[in-house]
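I'm opening a fresh page for this one. The plan is to go through strands, sheets and metal sites and jot down what I find.

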Amino acid sequence: MTDFVTDGFHHVTMVSRDARRTLPFYRDLLGLGLVKQTVNFDLPDTYHLYFGVDGGRPGTILTFFEWPRAGRGAYGVGGVHHVALGVSDEAQQLKWKRRLTDAGVPVSGPYDRTWFTSIYFADPDGQILEIATTGPGFAVDEPIDALGAALIQPKPQRLVGARDEATIQATTHPEPVPEIDDAMRLSGIHHVTGITDDLDAADGFYREALGMRLVKRSVNQDDPDTLHYFWANYDGARVLPASDMTHFGWPAGVRQARQGTGQTHHVAFRARDEEHLAGWREHLLGLGLGVSEIRDRTYFKSIYFRSPDGLLHEIATDVPGFAIDEDPAHLGEALRLPPALEPRRAEITAGLQPLA
Ligand SMILES: [Fe+2]
Ligand SMILES: [Fe+2]
C-alpha cells in the first residue's frame, strides 16, 4: 500500500473561453512558461495550452481547455473553489499584488491564514486564483508528528467581519512592478481547494485512494460556520510541497458545481511511470472506484476517476514530459499535434485563431 501515496499534484486543468486571452494572462502577467501549445485531442478545433515552471515540472503545470462555445461555470459541491500558486514570502507576495492591481486585476488580501498568507484574484474567465506564501507551514500550531489531530480554531481577529479589511486592502508594494524578478517568481501549485458536502467521505477518499493524510482541520476564516480540511503527502515528519488538497465543507444541498469557463475541469496527481500507473489503476479498482483505461496524452499517460462528490481526478505519469516532441529550449513556440492528428495539420491550423 505504501507504493500508493501520491507525490502530489501533476497538473490542474481549467476551462477558458478564449486561448488568446488566457495566454497573455498566465505567460506575460503571471510569468509562467508556455510549455506546450496543442489542441484538445477530442475537439481539435480548440486549443489546449500548458503552462509551467522549469519546462513544465510536475506540480507546476496549469493547463487550459479552450471551450469557446461553453457557458460560464460556477463553483459548488464537487468542484474546485480556487487554485493556489506558491511564492517565497510576504514581501514577494506584495509585489504580485501591486503588479496585478496595476494591470487592472482586483486583488484581495493579504490575509493571514496562520499556515501561510494569501492574496486572491481571478483570471480573465473568473477562475479564482490565490498566491500563497511557502511558510510558516502546518507545524506552526501543532506538533509536526501530530498534524490534523486537533480541530484548530483560528484567531478571532483573522475571521471575516473582525479583521481590519481597510488596512489589509491598503497594504501593497510601494513601487510599480513591471518586471518579474527571480525572487518573486511563482513556484507552482501550492494547494487546490475543492468543495464537498461530506468531509468524512472526502477524508476516506483522499486517504484510501491517494494515500494522503489530514494535515489540518480548521474552519473557513471567510465562512466561519463551515469547516476547512487539508490533506497532503505527510509522513509524520514533513509535508511534501505541491501535495496539499484542501476542501471547504459546505452544508448539504447548497449548490453543485457547474462545469464551464472559469472553472477547474480536473485535478491530476503524480505517478512515476506507466508501470506505476497500472498499479495505481488496480489499487483504485480494488477500492471499488470506476477508473478509466490508461490513456496516452503524449506528454504523460493518464487514468481518470471521480471523488465521492463527483470531482474528476486524474493520475498522470511524470514521464515522458514536454520535451518528447520539441526542443526543450523552444517549448511552446509552435503548435504540436499528436501523431494521430498530424495528417490533419493544415485543416486544424486553418480552424484555429493564431495565438499572440
Ligand atoms: Fe487557498
Ligand atoms: Fe489532465
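**Entry 1: a strand pair to start with**

In which sense do strand β14 (residues 264-271) and β17 pair, and over how many bridges? I looked it up: they pair in the parallel sense, over 5 bridges. Within that pairing, I noted that alanine 271 has threonine 317 of β17 as its bridge partner. A caution to myself before going on: this is a predicted model.

**Entry 2: the sheet around that pair**

Next I traced the sheet that β14 and β17 belong to. I get an open sheet of 8 strands, running β2-β3-β4-β1-β14-β17-β16-β15, with mixed pairing. At its edges I find β2 (33-40) and β15 (295-296); each has a single partner strand, so one side of each has no neighbour in the sheet.

Then I checked which helices sit on these strands. Helix α1 (residues 19-29) packs on the sheet and touches β1, β2, β3 (43-52) and β4 (61-66). Its direction makes about 5 degrees with that of β3. Helix α5 (residues 274-286) lies across β14, β16 (300-306) and β17, and I read about 10 degrees between α5 and β16.

**Entry 3: iron ion, ligand 2**

Which protein atoms are the donors of the iron ion (ligand 2)? I find His11 (NE2), His266 (NE2) and Glu314 (OE), at 2.0 to 2.1 Å from the ion. Written along the chain, the spacing is H-x254-H-x47-E. Histidine 11 is in strand β1 (residues 9-16) and glutamate 314 is in strand β17 (residues 312-320), so this pair ties together parts 303 residues apart in sequence.

I also wanted to know how covered these residues are. Histidine 11 comes out at 2% relative accessibility, which counts as buried. Glutamate 314 is buried too, at 1%.

**Entry 4: iron ion, ligand 1**

I repeated the lookup for the other ion. For the iron ion (ligand 1), the protein donors are His82 (NE2), Glu130 (OE) and His191 (NE2), lying 2.0 to 2.1 Å away. The spacing here reads H-x47-E-x60-H along the chain. Histidine 82 belongs to strand β5 and histidine 191 to strand β10 (residues 189-196), so the pair ties together parts that are 109 residues apart in sequence.

Are these histidines buried or exposed? Histidine 82 is buried, at 3% relative accessibility, and histidine 191 is buried with a relative accessible area of 2%.

**Entry 5: β10 and its partners**

Since β10 carries one of those donors, I followed the strand on both sides. How many of the residues of β10 are buried? My note says 8 of 8, so I have β10 down as mostly covered.

With β5, strand β10 pairs in the antiparallel sense over 5 bridges; valine 80 stands opposite glycine 194 of β10 there. With strand β13 (residues 244-249), β10 runs parallel, joined by 6 bridges. In that pairing, threonine 196 stands opposite glycine 249 of β13.

**Entry 6: the 9-stranded sheet**

I then put β10 into its wider setting. The open sheet here has 9 strands in the order β6-β7-β8-β5-β10-β13-β12-β11-β9, again with mixed pairing. The edge strands are β6 (108-112) and β9 (151-152), each with a single partner, so each has one side without a neighbour in the sheet.

Further along, strand β11 (residues 213-220) and strand β12 (residues 223-232) run antiparallel and are joined by 7 bridges. Valine 219 stands opposite leucine 227 of β12. Helix α2 (residues 90-102) lies across β5 (80-87), β6, β7 (117-122) and β8 (128-133), and I get about 20 degrees between α2 and β7.

**Entry 7: whole-chain numbers**

Last, I pulled the totals. I count 6 helices and 17 strands in the chain. The radius of gyration is 20 Å, close to the 21 Å from the globule rule for 356 residues, so the chain is as compact as a globular protein of that length. Its C-alpha atoms fill a box of roughly 60 × 55 × 40 Å along the principal axes.

For burial, 57% of the 356 residues count as buried. The accessible surface comes to about 14,700 Å², with 53% of it belonging to carbon and sulfur atoms. Among contacts between residues at least 6 apart in sequence, 68% join residues at least 24 apart.

How values were computed:
Residues numbered from 1 in each chain as written. Chains lettered and ligands numbered in written order. Predicted model: local features only at pLDDT ≥ 70, side-chain atom pairs only at ≥ 80, totals over all residues. Heavy atoms only, no water. Pairing = 2+ DSSP bridges. Helix = DSSP H or I, 4+ residues; strand = E, 2+ residues; numbered from the N terminus. Contact = heavy atoms within 4.5 Å. Axes fitted to C-alpha atoms, helices over the stretch in contact; angles between N-to-C directions. Donors = N, O, S within 2.8 Å, 3.2 Å for Na, K, Ca; no water. Buried < 20%, exposed > 50% of the residue type's maximum accessible area, 1.4 Å probe, protein only. Rg over C-alpha atoms; globule rule 2.2 N^0.38 Å. Areas by Shrake-Rupley, 256 points an atom, 1.4 Å probe, with all protein chains shown as cover.
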